[in-house]
Amino acid sequence: MIYAVIDIGSNTVRLSVYKISEDKVINLFNEKEQASLRSYVDNGSLTEKGIDRLISTLRKFKLVVDNFGDIDELHPFATSTIRDAANRTEILKRVKDELDLDIEIISGEEEAKLSFIGASSSVDVSRGVLTDIGGGSSEVVIIEQSKVIKSTSLNIGSLSAFNDYVNGLFVSKDEKKAIDSEVKSLLESSKLYREDHDLLCAVGGSARASLKYYNEYYDLDSSNTVMDASKFNSMLKEVIDKEPRVILDSILAVKPDRVHTLLPGMVILNRLCKYFYCEKISISQTGVREGYVYSKLLGRNN
């Protein structure tokens, strides 16, 4: 069987195609579109322009799937922005009418668990904290003995933090404090167990971009997947202190498509690390889409 999964996030929309071979899920290829849907939210609803952007992106991906020929099933699912939109019913109907696609809405709690299942397929997350920092929300999971003990969805992500707190292109010291304070407040409200965890496992685009920047900053091999929390904290402070042009050049050299969301995502990741007293940050290359395939399509939950 070959499955196509479309992950409709707040910042990016991603198409991933997987081949199921015996017990293995093999990623064949990926496509992504920087749709920035969160930026099209006005008074709680996705604007007409935002809906058009979504449909245009889905039409492009549907064409890729149709042209591939061997794909057996296509499964689109949506997270924070579509999930929280006041006009969600209208959005889903428009997509169904125009593209004949049924978008599945994933709850924040379910998204967190799927991220854990997906990460578990490539890294050891038997104990600690796992996070998936998306564009509009950040999922946090507490893990003990390879099981989810508690999970929560924080109503802040890399794009929403940029839209709500950043006035220029890059995060200032004061804006970093404001984002930091909001994340801490949301974590305290969630009543997650706040105890020492050696490891924070992070999945998703913000985490992968942070790792790429970290490896470049400290001149590490691109195969490195673990960040030292104290060095990550120091790097973030140093970068925010630099002149805007220097920051711009450094991000453009590493991850140009995240020029405005990389630093807000780093601030969230850094606060999560501090909150749970983590010493290391391990970045998984698998996450919610792989979790969706394992759990929703193959019926495996570990």
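**Exercise 1. In which helix does Asn 270 lie? Work out its surroundings too.**

*Solution.* A word on the model before the steps: it is predicted, so local features need pLDDT of at least 70 and side-chain atom pairs count only at pLDDT 80 or more, while totals for chains, interfaces and linings use all residues. Residues are numbered from 1 along each chain as its sequence is written, and side-chain values use heavy atoms, with hydrogens and water left out.

Step 1. Asn 270 belongs to helix H10 (residues 262-275). Helices (H or I, at least four residues) and strands (E, at least two) are DSSP runs, numbered from the N terminus.

Step 2. Now the accessibility: Asn 270 counts as buried because its relative accessibility is 2%. Here buried means under 20% relative accessible area, exposed over 50%, and partly exposed in between (1.4 Å probe, protein chains only).

Step 3. Next, look for contacts (heavy atoms within 4.5 Å). Leaving aside residues up to four places away in sequence, Asn 270 touches Phe 232, Asn 233 and Leu 236.

**Exercise 2. Place strand E9 (residues 138-144) among its partners E8 and E10.**

*Solution.* Step 1. Start with the pairing rule: two strands pair if DSSP finds at least two bridges between them.

Step 2. On the E8 side, strand E8 (residues 128-133) runs antiparallel to E9, with six bridges joining them. Leu 130 stands opposite Val 141 in E9, and a hairpin of four residues makes the connection from E8 to E9.

Step 3. On the E10 side, E9 and strand E10 (residues 147-154) are also antiparallel, joined by seven bridges. Glu 144 has Lys 147 in E10 as its bridge partner. The hairpin of E9 and E10 has two residues between the strands, and Gln 145 takes a positive phi near 50 degrees there.

Step 4. Finally, check the cover: six of the seven residues of E9 are buried, leaving the strand mostly covered.

**Exercise 3. Trace three salt bridges, and find which residues share a network.**

*Solution.* Step 1. Recall the principle: side chains of opposite charge can pair when their charged atoms come close. The rule used here asks for a side-chain nitrogen of Lys or Arg within 4 Å of a carboxyl oxygen of Asp or Glu. By this rule the count is 21 salt bridges.

Step 2. Take Arg 59 and Glu 98, whose closest N and O atoms are 3.8 Å apart in their salt bridge. Arg 59 sits in helix H1 (residues 48-68) and Glu 98 in helix H3 (residues 88-99), so this pair ties together parts 39 residues apart in sequence. Arg 59 is partly exposed at 41% relative accessibility, and Glu 98 is partly exposed with a relative accessible area of 41%.

Step 3. Move to Asp 100 and Lys 96, which meet in a salt bridge at 3.0 Å, N to O. Asp 100 is exposed, at 55% relative accessible area, whereas Lys 96 is partly exposed at 33%.

Step 4. Asp 228 and Lys 280 form a salt bridge too, with 3.4 Å between the closest N and O atoms. This pair links distant parts of the chain, 52 residues apart: Asp 228 is in strand E12 (residues 226-228) and Lys 280 in strand E13 (residues 280-283). At 37% relative accessibility, Lys 280 is partly exposed.

Step 5. Now the network: salt bridges with shared partners join Glu 48, Asp 52, Arg 59, Arg 94 and Glu 98 into one.
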